[in-house]
Each structure stands twice: as structure tokens, then as C-alpha cells.
Amino acid sequence: MVDLNKRAFWHFTFKDILTILCSATIPIALAIYTAIGSQQQKKEAERTRQFDLEQSRELRQQTLYDEFINNIFKLDNYGYLKEKKNPWAFANAYYRAAHRQWDTIRKADVLQFLKEKQLIGRNNCSNGCRTTKLDDIIRLNELNFNNVNLASETGVLNKLNLQCVSFDQVSMSNGEFSFVNLNGVSFDEARLDNAKFDSSSLRCASFNGTNLTGAHFSNSDMTGAKITEDQIKQAYFHNVTMPNGKKSEATSSATPKKPMTQTTTTTTTISKTEISTSSSITTSSISSTTTTSIACNSTFLNQTTYSVGVRPFSVAVADVNNDNKPDIVTANAVSNTISVLLNTGNGTFSPQTNYSVDTSPELVAVADVNSDNKLDIAVANWKGNTVSVLLNADNGTFSSQTTYAVDKGPLSVAVVDVNSDKKPDIVTANRDSNTASVLLNIGNGTFSPQTTYAVGVNPVSVAVADVNNDNKPDIVTANWSSNSSSILLNVGNGTFFLQVTYSVGDHPRSIAVADVNSDNQPDIVTANEWEKTISVLLNTGNGTFSPQTTYEVGPYPLSAAVADVNSDNKPDIVTANQGSNTVSVLLQC
């Protein structure tokens with residue numbers, strides 16, 4: 001007989017099973033819920049921590065900023081920011097770094113300096129030389145500043161102060177320093193090829209291992225600078241106080257290739273030169289220490305000066321208000337303006353009226369681009385990589401600029417009708433991209449997007465003229481770094497053939513196209529900056545040219561012009577010589 005009591009122990013009802021399962025599930029569910037809740041709490045805690053961290057960072061940055069401003073106020077209030085009293089002082093701040101960012105509005109690089117628990121500042125300098133060796137120097141080591149332009153907008157009145165900054169291993173090829181205090185700076189192992197230093201102070205500057213190939217130093221003080229003889233031979237120095245305290249003569253590693261005559265002058269050199277289609281040359285020269293030794297029928301009064309924008313780089317003279325009196329227009333490279341001075345009669349001019357243009361306007365041209373019989377303004381903006389066009393609004397006033405993109409580094413501009421539609425077009429020489437840009441006039445003073453053509457290396461000057469007598473203007477450029485001139489013949493409709501290049505002198509800076517031998521064919525004249533010469537290439541027909549003939553002029557000619565200066569119906573050549581503060585005149589016999 002079965003014991004029912006024992007049997008009931010092993011057999012469960014469905015209700016019993018549910019009861020058992022429920023009693024086991026509840027703790028498991030509680031455990032899972034607790035685990036999930038714990039993870040969520042951890043995530044929330046992490047978010048709270050990140051938020052608190054960001055808030056604390058922002059608060060810290062604000063605190064540092066407030067402290068920075070407070071320190072600036074204190075230092076300024078106590079007079080410590082005055083360089084003569086304490087040249088090393090700047091401010092106490094925190095983070096050591098330099099950040100470079102492109103500013104699309106200014107179209108220039110902006111540098112932001114951040115430091116941490118270090119003194120932002122400069123080494124203690126005495127007469128430009130370091131007297132202490134601190135670790136608090138501003139360092140810009142190993143950064144790339146190619147084509148940088150550092151200049152004081154007020155010029156000599158208040159130089160840009162960068163004294164004792166470290167530029168070690170920095171690349172600053174083609175950089176420009178104008179009116180900058182660089183006393184005690186270190187350029188060790190830096191690249192300064194083709195850099196330009198104008199009206200700057202470099203007392204006790206260090207150039208250990210620096211590449212100075214093609215560098216230009218003018219109107220500057222290099223007393224006590226650490227520079228080798230080999231480096232001096234690499235560069236050009238004009239009116240510079242050298243490390244030994246003596247004034248430099250115009251020096252360079254360049255030598256004249258074909259000097260025809262050598263003259264020494266103070267202000268004017270006048271040579272007589274015979275130019276023929278057979279390239280036979282006879283020369284004679286006379287020198288003068290006043291203004292000229294040739295009898296003339298005109299004398300000039302002392303100069304009258306008129307204020308314009310900062311660092312006027314080029315000038316055009318034309319009647320912009322249709323009163324039959326020529327007015328003055330300048331391109332001002334540092335203030336990024338165009339100055340217009342209207343002729344008030346008797347050779348006097350009104351005060352300047354300034355118009356804003358893009359960055360670093362270098363060369364200005366004046367022409368009627370919208371066929372309204374009023375002269376308009378076009379300017380090449382080197383750092384802005386644009387051309388600005390200012391339409392004449394009437395009575396010698398101008399509308400705001402309209403800018404057109406061109407290739408990098410436009411240094412020269414010409415306004416000529418290149419597609420025979422009786423509307424002047426724009427041609428630029430773009431130094432930093434080795435191209436020429438052509439912008440066709442589409443009517444009403446507006447222009448098409450650029451078409452670019454390859455030319456030589458670093459074109460710095462452009463001229464437009466019909467060199468092959470087909471009634472279509474061609475393009476001629478002076479290529480500074482390749483010592484050449486490029487000819488682009490006009491195909492028609494404003495398009496051009498590929499360049500043909502001709503060798504000229506060392507670093508041609510300026511080009512002129514004119515018939516110098518009276519054969520009714522335009523010839524080419526270049527001013528060769530790094531040698532005391534001009535090059536003349538005679539047109540042999542069909543837009544081809546003979547090999548260059550060189551004529552010696554003053555040191556470092558920057559510009560050449562062709563005109564009949566003695567009324568003998570034969571064109572003469574005039575150059576402006578930076579290296580000797582002279583003008584050379586070559587008269588045709």
C-alpha cells in the first residue's frame with residue numbers, strides 16, 4: 001500500500017510550480033534591474049564629470065584670460081611694456097604654443113600665441129644684443145612662413161617689434177620685412193632665400209647656418225650680427241650698416257655679363273649708344289655729380305610733396321575727371337588703398353582721396369574699361385591674389401572695388417584690348433605661380449574668369465604689344481628667377497600660343513616694349529636687377545627676337561623706360577638704379 005503523504009512530496013501541482021518559479025524570478029529580475037541601473041548611473045556620472053570638466057576648463061580659460069588682461073594692465077600701468085625700461089616684459093600667462101590660421105576676411109595669416117606657466121616675452125636686450133640667456137623667449141621654430149609679409153603700418157614712426165624672437169629652422173622664403181625691429185633675433189638654420197629686409201634693425205641678429213641666397217638687405221642696421229663672409233656673398237646689401245659697423249656698398253654675387261661701358265655717378269649717368277638692326281654698338285659716356293651735364297632747355301623746381309597711403313608702390317598719371325588736367329593715382333602696398341589726387345591747376349593737387357582695395361596692391365593701371373569715356377582704375381593685389389577694378393563714378397570719384405581672382409602673387413597688370421572687341425581686357429604677371437592671367441572684358445566693366453598661361457619663373461613685369469605685326473596684341477613678361485623674357489603670341493579671340501623664351505640679364509625686374517632701332521618693329525628692353533645692365537632684344541620679324549645685347553647702367557636697376565628725351569626722333573633708354581641712387585640715360589646716336 002502506497003504512502004500518500006510521501007508521494008505528495010514528490011509530486012507538485014501546476015500552482016506549486018508557478019509559485020516556485022515566481023519566487024526565483026523576482027530576485028533575478030531585481031538583480032538585472034540593479035545592474036542596468038548601475039550602468040546608467042555610471043554613464044550619467046561620466047557625463048556629469050565631462051560636463052564639469054568642460055565647465056572647469058572654460059572657467060580656467062576665462063580665469064587665465066582675465067589674469068592675462070589684468071597682467072597686461074598692471075605691466076602697462078607700471079610702465080613695464082615700454083621697451084626702453086624693460087624690454088623682456090610682456091605678460092604672465094599659461095600654455096606654450098603658436099597657432100597659425102588663415103583669416104578669410106583679412107586674407108592673411110593670423111598667429112595666436114598661447115603659453116603655460118612661462119613668461120611670454122623676449123630675452124633682455126641691450127642695444128639689441130642679449131645680455132641674459134632665458135628660456136622665456138618667443139619661439140616660432142620649424143614653422144613655415146614662406147611669402148610672409150611683416151611690416152609696420154606706420155613705417156619708421158613705430159617699427160613692428162619682434163626683437164629677440166627665435167626663428168630657428170623657420171622657412172621664410174620670399175618673405176618681406178619692412179620697418180621691423182629684429183634686434184637680437186635668431187634665424188639659425190632658417191631659410192631666408194630671396195627674403196627682403198627693408199628699413200629694419202637687425203643688430204646682433206644670428207644667421208648661423210642660414211640660407212641667404214638672393215636675400216636683399218636695404219636701409220638696415222646689422223651691427224654685431226653673426227653672419228659669415230660666404231653668407232654675405234649670397235645676399236645683396238644696399239645702404240646697410242654691416243656687422244663691423246661700416247656702411248655697405250651695393251654688393252651682390254652677380255656680375256655683369258656684357259658691360260659695354262662703365263661709369264661712376266652720383267645722380268645721373270648719360271650714355272650715348274648706337275643701336276642698329278645689325279646690333280653694331282658704339283658707346284660714349286659722360287658723368288655728372290649734379291643733375292646732368294648736357295645742355296637743356298628746361299629746369300625743374302624743387303619737389304612739392306603730397307601725402308598718400310602707406311608705402312606707395314606705383315603711380316599712374318592720367319586725367320580721371322575729364323578737366324584736361326592730368327591727375328595722380330597711387331597704389332599703396334601696406335595700407336591696401338588707392339590714393340587719387342586731383343589736379344587743381346598750375347601743377348598743384350588736391351589732398352588725397354583713398355579707396356580700399358585688396359591686400360598688397362603693387363601696380364596700378366588707368367583705362368576706360370566700361371566705355372563711358374571716363375577712366376577707371378585697375379590694380380594688381382600681390383598678397384590678395386586678385387585684381388581690383390574701381391569704376392569711375394564721375395568727377396574723379398570712384399565706386400567701391402570689384403575683385404577678380406587671378407593666380408598667386410600678381411605683381412604687374414596691363415589693361416589692353418587683346419581680343420579686338422574694342423573693350424580693354426586685363427593681363428597680369430603672377431610671380432608666385434609662374435603664370436600670366438588673361439581676363440576678358442565681357443561688357444560694362446565686368447570681366448570673365450581668368451585664363452592662365454605658363455611663363456618663366458617668377459614673372460614680375462608684363463607688357464602687351466603687337467610684336468609680330470598681325471594687329472593682335474601679344475604678351476611679354478620679365479621672369480625674375482629664370483633670367484628670361486617670355487613671348488606669348490596672340491592666336492586670336494584673346495587666346496595665346498605657348499610661350500617662347502629668350503635669355504636676358506641677371507634677374508630682370510622691369511620690361512619695356514618699344515621700337516628702339518626705328519624699323520617699325522617693337523623690341524624688348526629689360527632692366528636686370530642683379531647686374532648693372534639692361535638687355536636689348538631686337539625684333540627680327542614675325543615676333544622673333546635676336547639674342548640680347550647688354551648695356552651697362554647703374555647698380556641694381558629696378559625700372560626701365562623708353563622715350564625720346566632729346567628730341568632727335570630716336571628713342572632713348574632711362575633706368576632707375578636702386579643700388580646707387582642714380583638714373584642712367586642711354587642716348588641713341
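Strand 22 and strand 23 (residues 376-381) run antiparallel and are joined by six bridges. Within this pair, Val366 stands opposite Ile377 of strand 23. The model is a predicted one. The two strands belong to an open sheet of four, ordered 22-23-24-27, with antiparallel pairing. Its edges are strand 22 (361-367) and strand 27 (402-405), each of which pairs on one side only. From one strand to the next, the twist averages 20°.

Another open sheet of four strands has the order 28-29-30-33. Its pairing is antiparallel. Here strand 28 (410-416) and strand 33 (451-454) are the edge strands, and each pairs on one side only. Neighbouring strands of this sheet are turned by 20° against each other on average, direction ignored. Strand 28 meets strand 29 (residues 425-430) through six bridges, and the two run antiparallel. Ala414 has Val427 in strand 29 as its bridge partner. In general, strands of a sheet pair through backbone hydrogen bonds, either parallel or antiparallel.

Further along the chain comes strand 36 (residues 484-488). Is this strand enclosed or open to the outside? Five of its five residues are buried, so strand 36 is largely enclosed by the rest of the structure. Both of its faces are covered. Ser484, Ser486 and Leu488 are buried on one side; Ser485 and Ile487 are buried on the other.

Strand 36 has antiparallel partners. Five bridges join it to strand 35 (residues 474-479). Four bridges join it to strand 39 (residues 500-503). Ser484 takes part in both pairings: Asn479 stands opposite Ser484 in one, and Ser484 stands opposite Ser503 of strand 39 in the other. Strand 35 and strand 36 form a hairpin with four residues between the strands. In that hairpin, Asn483 takes a positive phi near 50°.

Now to the nonpolar interior. The largest nonpolar core has 28 residues. Leu182, Phe187, Phe207 and Phe217 have the most contacts inside this core. Apart from it lies another core, of 14 residues, among them Ala378, Val389, Val415 and Phe447.

Phe187 shows how one residue of the largest core is surrounded. Leaving out residues up to four places away in sequence, Phe187 touches several phenylalanines, including Phe167, Phe177, Phe197 and Phe207. Leu182, Leu192 and Leu202 are also among its contacts, as is Met172. The list includes polar residues too: Asp168, Ser206 and Thr210.

Leu202 leads on to Thr223. Which residues does Thr223 contact, leaving aside its neighbours within four places in sequence? They are Leu202, Arg203, Cys204, Thr241, Met242 and Pro243. Thr223 lies in the loop between strand 12 (216-218) and helix 3 (229-234). Thr223 and Thr241 are 18 residues apart along the chain, yet their C-alpha atoms are separated by 6.1 Å. The side chain of Thr223 also makes a polar contact of 2.6 Å with that of Asp221. Despite these contacts, Thr223 is partly exposed, with a relative accessible area of 22%. Buried would require under 20%, so Thr223 does not qualify.

Charged pairs complete the tour. How many salt bridges does a search of the whole structure find? It finds eleven. One of them joins Glu44 to Arg47, with the closest N and O atoms 2.7 Å apart. Both residues lie in helix 2 (residues 14-77), three residues apart, about one turn of the helix. Glu44 is partly exposed at 42% relative accessibility. Arg47, at 52%, counts as exposed, because the threshold for exposed is over 50%.

Asp372 and Lys374 also meet through their side chains in a salt bridge, at 3.8 Å from N to O. Asp372 is partly exposed at 25% relative accessibility, whereas Lys374 is buried at 18%. The side chains of Asp470 and Lys472 form a salt bridge at 3.8 Å, N to O. Here Asp470 is partly exposed at 25%. Lys472 is partly exposed as well, at 24%.

Methods. Residues numbered from 1 in each chain as written. Predicted model: local features only at pLDDT ≥ 70, side-chain atom pairs only at ≥ 80, totals over all residues. Heavy atoms only, no water. Buried < 20%, exposed > 50% of the residue type's maximum accessible area, 1.4 Å probe, protein only. Contact = heavy atoms within 4.5 Å. Polar contact = N/O pair within 3.5 Å; in protein donor to acceptor, adjacent residues only side chain to side chain. Core = buried A, V, L, I, M, F, W, Y, C linked by side-chain atoms within 4.5 Å. Salt bridge = Lys/Arg side-chain N within 4 Å of Asp/Glu carboxyl O. Pairing = 2+ DSSP bridges. Axes fitted to C-alpha atoms, helices over the stretch in contact; angles between N-to-C directions.
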